[in-house]
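Grab a pencil and work through these short exercises with the model open beside you. Each one sets a task and then walks through a solution.

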Amino acid sequence: MSARTRRLTTAQALVRFLSAQYTERDGVRRRLIAGTWGIFGHGNVAGVGQALVEYADVMPFHQGRNEQSMVHAAVGYARQLNRLSAQAVTTSIGPGATNLVTGAALATINRLPVLLLPGDYFATHSADPLLQQLEHPVEADVSVNDTLRPVSRYFDRITRPEALIPSALQAMRVLADPAETGAVTLALPQDVQAEAYDWPEEFFGERVWSVRRPAPDPVELAAAVEAVRSARRPLIVAGGGVHHSEAEAALKAFVEATGIPVASTQAGKGSLRHDHPADLGGIGHTGTAVSDDLARTADLVIGVGTRHTDFTTASGTLFQHPDVRFLNLNITGFDAHKLAARTLVCDARAGLELLREALAGHRVEASYEAEYRAGKARWDEVVEAAYRAGDENAVPTQTQVLGALDAAVGDDDVVINAAGSLPGDLHKLWRSRSPRQYHLEYGYSCMGYEIPAGIGVQQAAPGTPVWALVGDGTYLMMPTEIVTAVQEGLPLNIVLIQNHGYASIGGLSEETGGERFGTAYRFRAADGTFTGAPLPVDLAANAASLGMDVLRAKTVRELREALAAARASDRPTCVYVETDPAPTAPPAEAWWDVPVAETASREAAVEARERYDRQVAARRRHL
């Protein structure tokens, strides 16, 4: 080992270290930390900010407008690149740091890597209390950054320069680990950021983190083979792990060898191309009729890279075969053991390939294939009717917006959404043509995700048309990163759908006895009463004021023309459309448990509770 050292500040050492970290999988190498997002204030401007200037030649910098948005952009970037490359986010102490919490939760829940570098109090307490510092009466080492502990996969506060060495290595290990990844937080006290130290030269050497593809245990594999061979009505539930592992081709080969059909979660949609004979579309509360019908009679449910959330399982009411069993192929034991399943703890691609080889010659009965193919054909007719219904010169419905977008996009375009009524319509209706096209953040379903995530995707896939689909509610949450798209010269497309209220939660409120209270945007008249008139707010003008080109569409025909123009543009472009608020998508095919008031005087709530009691009776504990 060399005894050579390099004298740098802690912040300079961190930036230099990050610039030399790489991942490698299947012989492909990528920068692990490809760039840093930042908003500067006291707490990071003199430390990390100066270091980023010092090493601007090796660490790209991106300026954000909101700290939560910066995390969303980094998450979109990492997801687009199958978690093989990530970005860092630096913030000041105080509100800049606490604004990271929502983004960190989203990253960790969705198993997506992001490195968070918030400023912190003085480790020496020489200046105490600081501006924006939280003072805890009995724990002097607590700061607002401790709110990031429960939403981080790894957390450390760097109170001495030399403490950075083991912590930075652990942070990289977690970010590159396909089973443990998520948000990683290194809280950086302000004085330590600026403190110099003699760093061992080896700390700055190029380091490659191998992203493993663990194979299944032979005993588990044998048990899985037996479970598949003995099943008469098996069904695959494809989750986000299929994409993260780049296992789409392996899944296709497995399905074509065995004839087992595939339904997908929000994160797994696109695992098979929509027109593959075995692709049944979404599953669960927002699933297709054919997927949910087969799920109710499946005797073996094979989960591949899925967390089996309540939407997927219809809150425990979907899988109704009296002898249903589960086989979970997942890289994390935590997820593999859900629903008392047989487990295959391994990489999705490696597991599917070995399972296919071990099942050589096995195939489901021809009658079962004919059944699900007929169901798929019927659902395809439903989708086509939903997309094409109505007058071309009329105000479009939301499903017609999706139909127009379906006609406008190419196979490799990316469509991004996260919250509201759109995720349900997209899960049922969208026809995914490539593995990366369908980008739904539905682990946290965070309003405001779409625009910044679109920026991250655009950075990860230059030249790819990216569409951020947002409703008026989501747009009002977080539109400011439009300025970032303009500044970075990214031709992001936003489809802004105005229906004057929280449509999704309004429908849920009505279903559960809340009578849509507080979900519509209504204008308060001069006499103090509320009217049905829409608010005098022009969201299209707002988007234009932030630097976007804006195309207004009033009819289905104008919408198609605007989408085509947006796709052809090399500028950030917003297509603004007011829609008919009446729901036109097919209704939910399965239940979702939202508890309803057990006692109430209002008729709507009483009737909602009666419906709830009927539905909850069908719940099963899969043991």
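Two strands count as paired if DSSP finds at least two bridges between them. Keep in mind that this is a predicted model.

**Exercise 1.** Work out how strands E15 and E16 are joined.

*Solution.* Start with the residue ranges: E15 covers 300-304 and E16 covers 325-330. Next, look at the bridges: there are five, and the two strands run parallel. Now pick one residue, Val304, whose bridge partner in E16 is Leu329.

**Exercise 2.** Place that pair in its sheet and find which strands stand at the edges.

*Solution.* Line up the six strands of this open sheet: E14-E13-E12-E15-E16-E17, with parallel pairing. E14 (279-282) and E17 (342-345) each have a single partner strand, so one side of each is left without a neighbour in the sheet. Then check the twist: neighbouring strands are turned by 20° against each other on average, direction ignored. Finally, add helix H11 (residues 289-297), which packs on the sheet and touches E12, E13 and E14. The direction of H11 makes about 100° with that of E14.

**Exercise 3.** Decide whether strand E7 (residues 114-120) is largely enclosed or left open.

*Solution.* Take one face first: Val114, Leu116, Pro118 and Asp120 are buried. On the other side, Leu115, Leu117 and Gly119 are buried too. Seven of the seven residues are buried, so E7 is largely enclosed by the rest of the structure.

**Exercise 4.** Find the partners of Leu116 in strands E6 and E9.

*Solution.* E6 (residues 86-91) pairs with E7 in the parallel sense over four bridges, and Val89 has Leu116 as its bridge partner. E9 (residues 183-189) also pairs with E7 in the parallel sense, over five bridges. There, Leu116 stands opposite Thr185.

Note on methods
Residues are numbered from 1 along each chain as its sequence is written. This is a predicted model: local features need pLDDT of at least 70, side-chain atom pairs count only at pLDDT 80 or more; totals for chains, interfaces and linings use all residues. Side-chain values use heavy atoms; hydrogens and water are left out. Axes are lines fitted to C-alpha atoms, for helices over the stretch in contact, and angles run from 0 to 180 degrees between N-to-C directions. Contact means heavy atoms within 4.5 Å. Buried means under 20% relative accessible area, exposed over 50%, partly exposed in between (1.4 Å probe, protein chains only).
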